[in-house]
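Let's take a walk through a protein together, one piece at a time. Have the structure open and turn it around as you read.

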Amino acid sequence: MSVTTAEKEWLLRVSGKVGNVEEKAAPPANRVGVASGTTTVATKKVGRGFEDVAGMTELKRLVTEGFINVINNKECAAAYGIKPPSMLLYGPSGCGKTFFAEKMAEEVGINFMKVVPDDIASTLVHGTQEKIGELFRKAERKSPTLMFFDEFDAMVPHRTNNEMDYQNGEVNEFLCMLNNAADRGVYVLAATNHPERIDKAVLRTGRIDEIIYVDMPDAEVRAGLFRLALSKLPADEGVDCEKLADLTNGYNCSDISYIVKVASRRMFNASILERHLPYKKITQELLEDVILHRTPSVSSKDLREFERIRSEFSPKDSVARRSVGFF
């Protein structure tokens, strides 16, 4: 394995052979175990925005009135003392939380920065804290920025009474950075399947203003999901999306997306065997057969647990159901 000039120089410095004074120095950037800075950047996302989201009417309204309208009418918002709220989306897996965040970025048209737990991981003491601060500073330099934290519970878990617990310092850093981030042009959106694992101090207003449950898709949304997905594919015009919705009670958005993909794959393979003929259509019978051989990915036991969590975090949300869908 070849050694670069920079690596040779670093090895000499560590061994004390440079100059007359023994000293320890930082290794060159990008060496294993070195916090050389995250590569996460804020960029504008281009796409169809909310047109790709089936259902989720209430959340779209909330985001439009509380976020998009404020961003697009800053002078009027300032007169009323209004700033975009920071939001946490939570609920069962596969219901479109991450997808909605990406489509929200397309809809509003500002810079978008997606952060996952691995982006802030570091093997160095206090390395994660440095990365957290660096990410927020990057977002601020590119403001206005929609900063999206996926799997948020892994980044801000409950703090312990152990002063040696390094995660306590990381959560404290998040608390500082989240404080009124909107004042700096950084708008925070986070998603999690487990809000109960998040430190309570993170969830107070001023850090996270709105805590929103993203429910399993109801029959209307499931029909919309099938309709939206099939509109982009060679599908038979006689497909009954309402019947498909009835057959997929308890299936989440990802399940429905995959059902359509399985049907597409079957017709793709059938079509390439007869290249001289038009593409074969996805039919009602085919879709029903795929559904018959697949089970929901979220169990009834999981759903009961999510309803319990919902009663804790959104006790007044039992009537207004916020549903989501996507493809």
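Let's start with one residue: Asp289 is partly exposed, with a relative accessibility of 29%. Keep in mind that this is a predicted model. Asp289 has a partner, Arg266, and the two form a salt bridge in which the closest N and O atoms are 2.8 Å apart. Asp289 sits in helix H10 (residues 284-292) and Arg266 in helix H9 (residues 253-272), so this pair ties together parts that are 23 residues apart in sequence. Arg266 is partly exposed too, at 36% relative accessible area. Why would two such residues pair up? Side chains of opposite charge can do so when their charged atoms come close.

Now zoom out. The protein chain has 327 residues, and 45% of them count as buried. You can pick out 11 helices and six strands. Look at contacts with a separation of 6 or more, and 78% of them are between residues 24 or more positions apart.

What fills the inside? In soluble globular proteins, nonpolar side chains tend to be buried together. Here, the largest nonpolar core has 32 residues, and Val115, Phe136, Phe149 and Phe174 are among those with the most contacts inside it. Several elements each supply at least two residues of this core, including strand S3 (111-115), helix H5 (127-141) and helix H6 (166-178). H6 gives the largest share, five residues. Try clicking on Phe174: beyond its neighbours within four places in sequence, its contacts include Ile120, Phe136, Phe149 and Met155. There's also a second, separate core of 29 residues, with Met56 and Phe67 among its members.

Charged residues can be tucked away as well. Find Asp215 in the loop between strand S6 (210-213) and helix H7 (219-230). Asp215 counts as buried because its relative accessible area is 10%, under the 20% cut-off. Its side chain is joined to that of Arg310 by a polar contact of 3.4 Å. Arg310 is buried too, at 3% relative accessible area. The side chain of Arg310 also meets that of Glu307 in a salt bridge (3.8 Å, N to O). Arg310 and Glu307 are three residues apart in helix H11, so about one helical turn separates them. Glu307, at 32% relative accessibility, is partly exposed.

Finally, salt bridges that share partners link Arg48, Glu51, Asp52, Lys103, Glu106 and Lys232 into one network. Inside helix H4 (residues 97-108), Glu106 and Lys103 lie three residues apart, and their side chains meet in a salt bridge of 3.1 Å, N to O. Both of these residues are buried. Across the whole structure, a search finds 21 salt bridges.

Terms used
Residues numbered from 1 in each chain as written. Predicted model: local features only at pLDDT ≥ 70, side-chain atom pairs only at ≥ 80, totals over all residues. Heavy atoms only, no water. Helix = DSSP H or I, 4+ residues; strand = E, 2+ residues; numbered from the N terminus. Buried < 20%, exposed > 50% of the residue type's maximum accessible area, 1.4 Å probe, protein only. Contact = heavy atoms within 4.5 Å. Core = buried A, V, L, I, M, F, W, Y, C linked by side-chain atoms within 4.5 Å. Polar contact = N/O pair within 3.5 Å; in protein donor to acceptor, adjacent residues only side chain to side chain. Salt bridge = Lys/Arg side-chain N within 4 Å of Asp/Glu carboxyl O.
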